[in-house]
Amino acid sequence: MTIKTKKTILVTAAITLLCCGIVAGLFLSGGLDRISGAYDIEDDTVTDYPTQTTTVPTIVRTKTERPKKIRGVWFTAGVDFLTDITLTDEQVKNEIEIKIQDIKAIGFNAIFFDWESAVSSRLFDESSDGLSLFGLCLDYARSNNLYIVVALPINEYISSANENGINRKKVIRFFERYNSDALIVSNTDALERLWAEKTTPEIQERTTKYLTDFILSAKLSDELLFVATLVREDNPMMPGIIQNLISEDSSNFLLAEPSASTASVNAKNEKMREDVKSALNNSGGNYIAGQRIDTLFSGEKSDGITAIVGRVSAAENTDNCFGIVFRSYSLIKNDATGLGKAFLEYWGNLNVNGLGSVFAVFNKTTNEIKTNESRTNFTGNCNPDLPLTCNGEKITTSKIGDFSVDYDLVPGINNFEFKQEDKSYAYKVIYEVDILKTVTPKGNITAPGGTVIEITAVALRDAALTATINKESFKMKQTDGLVDSSGEKAADTSSDYVTYFGQYTLPTGGSTQKNLGAVSVLANYNGLSKKVAGAKISVTAIPPETTAATTVVATETATENADPTQITPVLTDQLTPYNYAGVPGVSRMCEVAIEHCETMPLSPLNNVSYLLTSPLIMGMFDYIDGESSFDKYLYYNLRSGKRLYREEVKVIENGYNLPPNKIQTLSSSTEKDTVINLALLWKVPVNVIVKGQNYAQTYNNREFGVWSFTGNSIEFTFSYTTEALGAVDVSGSNIISSAEWSIDSGNKTAILRLYFKRAGLFYGYDISYNKDGSFKILIKNKPSTVLSGYKIMLDPGHGGNDVGAVCISTSPANMKYEKQINLALALKVKERLEAQGATVLMTRTGDSRVELDDRRNMIYNQKPDLCISIHCDGSNKASVFGTSSYYYYSQSFPLANALREQILACYSNNIRPTNDRHTIYYPFRVTRVETCPSVLIEYGFVTNLEECRLLQADDNQNKLAEATVQGIINYIAAN
């Protein structure tokens with residue numbers, strides 16, 4: 001008799017005996033009838049295995065390869081997650097994702113789901129049109145490269161009619177919808193005690209069909225890689241079960257787990273291990289050692305961490321044990337005794353020593369990749385104790401097996417093969433040289449004659465670019481990096497491509513619109529050339545003169561008895577374009593419809609924030625002199641010299657012309673901040689700029705970079721204003737030394753200039769309307785000379801489904817994304833600021849998405865003294881690393897620079913030296929606020945393996961938080 005035949009007989013006999021025991025117990029106790037009644041569903045009698053199992057569409061998912069050594073944890077609904085039934089589905093999804101990421105980060109490579117707990121909660125919903133939350137559990141686990149095991153209770157699938165055995169359709173439906181890598185036949189442990197009961201041949205035959213149908217139905221529908229049966233040490237017949245069930249075939253194994261009994265836990269584990277070892281020596285095969293964590297964290301049940309270490313080590317040293325699974329995740333994470341933390345440290349050391357890592361390349365989704373970059377990156381994880389090679393050359397990995405490598409490419413096909421032991425990944429990277437990628441804008445440009453328009457292109461670094469418009473050509477200027485089109489990501493200086501700029505002045509317009517055709521850009525590089533067309537350009541017609549509307553005026557004089565020269569702060573009596581104000585004629589006008597409405601100059605025409613045209617506030621009126629467009633963006637051109645988005649104003653097609661504005665000073669105070677109240681005849685547009693500041697094109701062709709803050713005054717320019725009356729008293733201000741009015745009669749503007757007491761000391765301003773319609777200017781005084789007097793807003797970047805950059809290091813999972821590091825850093829900074837007496841505001845305190853406009857509005861509404869947006873950086877190249885800081889308004893530069901310098905010092909002195917990427921002007925949304933110094937800090941690159949692991953480490957986060965607070969203290973002391 002062959003070994004294979006012996007094995008077949010053993011397995012068949014084992015299945016028969018186990019099934020006999022199960023059904024005999026059910027039959028004798030009446031349990032079979034109770035099960036039948038409880039699951040009264042469609043009968044599906046099948047004698048032969050069908051070629052077509054069901055009409056339900058299969059959800060195809062890639063299998064996860066079984067790790068060489070399974071290190072698993074139970075993840076059970078109602079125990080480890082979904083313990084709060086009030087959570088919304090979205091909150092549950094978020095909880096599942098975070099905890100599964102954490103399971104991966106701890107070092108587990110397999111996750112065990114208990115279907116019975118899922119079906120008893122709302123996690124499992126077959127009636128749902130979409131995938132249920134249970135399905136999402138499996139998907140999240142699979143996306144984290146976890147080996148997935150589902151424990152399925154056999155009694156759930158017994159048909160309503162006893163003689164029909166297993167309801168195969170139900171089994172198939174389950175595994176087509178919720179397929180997994182392995183199956184554990186559960187809910188048999190209580191019935192296994194009936195193993196020795198005498199049974200009839202009829203029961204034997206029936207039970208054989210039950211278990212065979214159950215397992216084969218699952219395997220037919222899902223092609224399961226492994227099937228196991230759970231056994232426990234409190235079954236006196238366990239050695240017999242093992243000896244008969246286990247075979248050398250790796251598709252069958254046991255999960256041997258101790259019970260939750262409180263008595264003699266360690267003795268039970270020892271006996272169980274010996275029973276398993278003895279049985280396996282006789283029959284061959286493998287098993288997984290189940291560990292009860294609830295016995296670890298109770299002094300009455302075990303000796304603590306030494307006991308669990310002993311159990312794990314003993315199991316590891318058993319030849320037939322190919323894995324360990326712990327019950328359960330929550331008991332490890334939520335233990336208050338401190339043993340949980342000790343266990344995680346021990347478990348981390350096991351994984352650092354190379355146990356259980358699954359070799360995989362994470363950042364390539366296909367085997368064939370096309371790129372225009374001359375370098376490519378591969379990121380992944382492997383067993384650090386085994387050699388990893390690419391094309392035969394060894395790759396250096398981290399202690400836990402993370403790796404990230406860059407390779408230079410040659411034009412054409414580049415082949416890469418990563419290999420560890422007998423597993424390999426092959427990639428074909430096709431490098432295509434494209435010297436000119438894009439020209440912007442692509443749509444349409446319309447603007448008045450004389451407007452300077454801006455053309456940009458993305459091309460290879462050091463290429464020569466020439467733009468042609470209306471048969472006129474000009475050279476384009478290369479910048480330092482690749483500019484992000486959204487303006488919310490810093491320019492990439494590591495790319496082969498950079499952004500080029502060029503400007504062209506439109507010819508004078510006429511009575512009709514003049515079409516100049518499309519712009520074209522020609523690039524030349526090392527003998528190669530390429531031309532790309534851009535937007536079609538039109539010069540708008542000169543608008544007709546404002547027309548009088550005498551008849552309209554005569555019939556609508558809502559304020560005909562009012563004196564239009566009278567200055568009053570009362571809102572209802574202020575002049576507006578909606579009512580006749582004594583000036584003949586009507587014009588196309590607009591009313592600003594949002595607070596802090598962003599504006600740009602009429603020229604140059606682009607879609608870039610411009611700090612010399614300040615935001616307008618809701619309720620201001622202006623004349624519309626024309627329209628312009630740049631690609632998909634549409635603007636109104638205002639007579640005051642500003643340009644704004646059309647959707648942000650209310651158009652008044654026939655607004656009544658208004659008289660020149662007059663201003664009267666109502667009051668000024670300096671008790672806390674410097675506050676000036678002015679009465680206006682009507683709500684004219686106001687522009688605000690800091691004077692005395694030197695700017696330079698220090699970064700990507702933008703002219704507002706600074707080396708220091710040198711401003712000596714601030715000017716408020718009121719359009720359409722010919723008179724300003726009343727002195728402004730600022731004698732008590734600790735920021736402003738004096739104030740003066742001036743009138744520019746040629747431009748019909750009034751200017752209020754406020755001089756700083758000391759050049760370079762200024763902390764922001766705010767403009768608004770009081771309830772009576774008067775205009776309020778607030779100049780922020782320095783709150784205090786020490787930290788305890790400050791109100792500071794911290795803005796942890798990203799959150800929720802906006803994860804930010806993805807960490808290149810796979811551990812820990814609660815630091816898998818930039819959003820998680822940002823929040824951890826922010827909370828540590830908050831704790832230290834509050835310990836020194838500062839008041840701290842947060843844009844988010846949990847893993848929630850906060851839109852950029854909402855973050856900006858929080859700064860305006862809550863009026864902090866400082867705002868710091870906390871981020872980590874990312875790049876397509878693993879070699880890029882370092883720290884940078886960003887500002888928009890020049891008065892924010894000192895804060896940004898002080899923080900960067902202190903963070904760099906922290907790296908050099910306490911962590912390891914990093915790259916200084918400088919203090920940079922950039923129009924991030926959260927930095928574009930006037931009310932206080934507001935900056936954005938990039939603490940380091942999570943796409944650089946070494947820097948990512950440094951940023952993920954709790955100890956380093958504490959050091960960086962201390963450095964951040966010290967940077968704020970340094971700023972306060974120096975400014």
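The legends below describe close-up views of a predicted model of one protein chain.

**Figure 1. Overview of the predicted chain and its secondary structure.** The secondary structure of the chain comes to 18 helices and 46 strands. Of the 975 residues in the chain, 56% count as buried. Among contacts between residues at least 6 apart in sequence, 75% join residues at least 24 apart.

**Figure 2. Helix 17 and the elements that its buried residues pack against.** Helix 17, which spans residues 945-952, is mostly covered, with 6 of its 8 residues buried. The buried residues of helix 17 are L945, E947, C948, L950, L951 and Q952. They pack against three helices and three strands taken from several parts of the sequence: helix 14 (818-835), helix 16 (893-911) and helix 18 (954-974), together with strand 14 (402-408), strand 43 (866-873) and strand 46 (934-941). At the N-terminal end of helix 17, N944 acts as the cap, with a side-chain oxygen lying 3.3 Å from the backbone nitrogen of E946.

**Figure 3. The packing of helix 3 against helix 5.** Helix 3 (residues 89-106) and helix 5 (residues 133-143) pack at an angle of about 30 degrees, and their axes are 10 Å apart. Because angles under 35 degrees count as roughly parallel, helix 3 is described as roughly parallel to helix 5. The crossing in which helix 3 passes helix 5 is right-handed. On the side of helix 3 the contact is formed by D89, V92, K93, I96, E97 and I100, and these residues meet L133, L136, C137, Y140 and A141 in helix 5. The residues of this contact between helix 3 and helix 5 divide into 8 nonpolar and 3 charged, with no polar residue among them.

**Figure 4. The surroundings of N897 in helix 16.** N897 is placed in helix 16, and N897 counts as buried because its relative accessibility is 16%, under the 20% cut-off. A polar contact of 2.8 Å joins the side chain of N897 to the side chain of R900. When the neighbours within four places in sequence are left aside, N897 is in contact with S885 and T919. The view also includes I920, which is 23 residues from N897 in sequence, while the C-alpha atoms of N897 and I920 are 9.0 Å apart in space.

**Figure 5. Two cis peptide bonds that precede proline, at P441 and at P604.** The peptide bond from T440 to P441 is cis, with omega near 0 degrees. P441 lies in the loop that runs between strand 17 (436-440) and strand 18 (444-447). The peptide bond from S603 to P604 is likewise cis, and its omega is near 5 degrees. P604 is found in the loop between strand 27 (600-601) and strand 28 (621-631).

**Figure 6. Two residues with a positive phi, N391 and H798.** Although N391 is not a glycine, its phi is positive, at about 50 degrees. N391 lies in the loop between strand 12 (389-390) and strand 13 (393-394), and N391 is partly exposed, with a relative accessible area of 45%. H798 is not a glycine either, yet it has a positive phi of about 65 degrees. The place of H798 is in the loop between strand 41 (791-796) and helix 14. Because the relative accessibility of H798 is 18%, under the 20% cut-off, H798 counts as buried.

**Figure 7. S330 in helix 11 and its backbone partner V79.** S330 is located in helix 11, which covers residues 329-333, and S330 counts as buried at 9% relative accessibility. A polar atom of the S330 side chain lies 3.2 Å from the backbone oxygen of V79.

**Figure 8. V171 in helix 6, shown together with L216.** V171 belongs to helix 6 (residues 168-177) and is buried, with a relative accessible area of 0%. V171 and L216 are separated by 45 residues in sequence, whereas their C-alpha atoms are 9.6 Å apart in space.

Conventions
Residues are numbered from 1 along each chain as its sequence is written. This is a predicted model: local features need pLDDT of at least 70, side-chain atom pairs count only at pLDDT 80 or more; totals for chains, interfaces and linings use all residues. Side-chain values use heavy atoms; hydrogens and water are left out. Buried means under 20% relative accessible area, exposed over 50%, partly exposed in between (1.4 Å probe, protein chains only). Helices (H or I, at least four residues) and strands (E, at least two) are DSSP runs, numbered from the N terminus. Contact means heavy atoms within 4.5 Å. A polar contact is a pair of N or O atoms within 3.5 Å; within protein, one must be able to donate a hydrogen and the other to accept it, and residues adjacent in sequence count only if both atoms are side-chain atoms. Axes are lines fitted to C-alpha atoms, for helices over the stretch in contact, and angles run from 0 to 180 degrees between N-to-C directions. Angles under 35 degrees count as roughly parallel, over 145 as roughly antiparallel, 65 to 115 as roughly perpendicular and the rest as oblique. A crossing is left-handed if the near helix is turned anticlockwise from the far one by less than a right angle, and right-handed if clockwise. Ala, Val, Leu, Ile, Met, Phe, Trp, Tyr, Cys and Pro count as nonpolar, Asp, Glu, Lys and Arg as charged, and the others, Gly among them, as polar.
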